[in-house]
Amino acid sequence: MKLNTNSNAYIIIYSAVMVVIVAFLLAFVYQALKPMQDANVALDVKKQILYSLNIRNLDGAEAEAKYAEVVKTEKEDHSQKVYECQIDGKNIVVVSLKGMGLWGGISGYLAVDEEGKVFGAYFNHEGETAGLGAEIKDSQEWQEKFIGKKIWDEQGNVVLSVVKKVDNPESQVDCVTGATLTSNGVDAMLKDGLKGLKK
């Protein structure tokens, strides 16, 4: 008996079989690549932490080795990760930050020195506008503006801020030009992520 390849039943069965085969292949590839993807994600996180410590331009193996050398402990405090590090004999604490930008989530790591000032900073985003909001990630020069800034006042309030007009250069950083809403998101992320951490 010859199959009628133009019949509705044949088309439906053929389509169903193809969907099952493709789904199986995709699941297999995903499972096969998952360990590699997880390793890449973990390495990227380590590199971001190193960026916040002003250690950049390392390849994968160099970053892994440097991370193992400088990061002494990792702990979680109210779903916020804190990394205790040592750089040139100085104790530095790196705090993970999460917030919202204009088009999606933003995140970052802020390194705090023994005096409660910014040792270094690195910020990331999920989908900010290239050349504008994306500058929080792409501009090393902008990230370096945070270095040396005061984070808390004597009462423990967060004074580190991102503003349109800098009145107090001791604790304020000029916002990214043309990206006010993303800059406001970074400011809110700093305030939320750093309050209560002075201890």
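What follows walks through the sheet of this predicted model, the helices that pack on it and the residues at its core. Because the model is predicted, local features need pLDDT of at least 70 and side-chain atom pairs count only at pLDDT 80 or more, while totals for chains, interfaces and linings use all residues. Residues are numbered from 1 along each chain as its sequence is written, and side-chain values use heavy atoms, with hydrogens and water left out.

Let's start with the sheet. Five strands line up in the order β1-β2-β3-β4-β5, forming an open sheet with antiparallel pairing. Strands here are DSSP runs of E with at least two residues, helices are runs of H or I with at least four, and both are numbered from the N terminus; two strands pair if DSSP finds at least two bridges between them. The edges belong to β1 (71-77) and β5 (118-125), and each has a single partner strand, so one side of each is left without a neighbour in the sheet. From one strand to the next, the twist averages 20°. Angles like this run from 0 to 180 degrees between N-to-C directions, with axes being lines fitted to C-alpha atoms (for helices, over the stretch in contact).

Going strand by strand, β1 and β2 pair in the antiparallel sense over six bridges, and Thr73 has Glu84 in β2 as its bridge partner. Two residues sit between these strands in their hairpin, where His78 takes a positive phi near 55°. Next, β2 (residues 80-87) and β3 (residues 90-100) run antiparallel, joined by six bridges. Here Ile87 stands opposite Lys90 in β3, and Gln86 has Asn91 in β3 as its bridge partner. The hairpin of β2 and β3 also has two residues between the strands, and Asp88 takes a positive phi near 50°. As for β4 and β5, seven bridges join these antiparallel strands, and one bridge pairs Gly108 with Phe123 in β5. Their hairpin has five residues between the strands, including Gly116 with a positive phi near 80°.

What about the faces of the sheet? In a regular strand the side chains alternate between the two faces of the sheet. Eight of the eight residues of β5 are buried, so this strand is largely enclosed by the rest of the structure. (Buried means under 20% relative accessible area, exposed over 50% and partly exposed in between, using a 1.4 Å probe and protein chains only.)

Two residues of β5 show what that looks like. Phe123 lies in this strand and counts as buried at 0% relative accessibility. Leaving out residues up to four places away in sequence, Phe123 touches a long list of others, among them Leu97, Ser107, Trp142, Phe146, Val186, Met189 and Leu190; a contact means heavy atoms within 4.5 Å. Its C-alpha is 8.7 Å from that of Asp138, 15 residues apart along the chain. Phe119 is also in β5 and is buried, with a relative accessible area of 18%. With the same sequence neighbours left out, Phe119 touches residues including Leu53, Ile87, Ile92, Val112 and Ile147.

The largest nonpolar core has 25 residues, and Phe123, Phe146, Leu190 and Leu194 touch the most other members. (Such a core is a set of buried Ala, Val, Leu, Ile, Met, Phe, Trp, Tyr and Cys residues joined through side-chain atoms within 4.5 Å.) Two or more residues come from each of β3, β4, β5 and α5, and α5 gives the largest share, four residues. Apart from this core lies another, of 17 residues, among them Leu43, Leu53, Val94 and Tyr109.

Now for α5 itself. This helix has 15 residues and reaches 21 Å from its first C-alpha to its last, close to the 21 Å expected at 1.5 Å a residue; the expected span is 1.5 Å times one less than the number of residues. Its buried residues include Val186, Met189, Leu190 and Leu194. Leu194 is in contact with Val95, Leu97, Leu110, Ile151, Trp152, Val158 and Leu160, leaving aside neighbours within four places in sequence.

Finally, the cysteines. Cys85 is buried, with a relative accessible area of 2%, and Cys175 counts as buried at 13%. A search of the whole structure finds zero disulfides, a disulfide being a pair of cysteine sulfur atoms within 2.5 Å.
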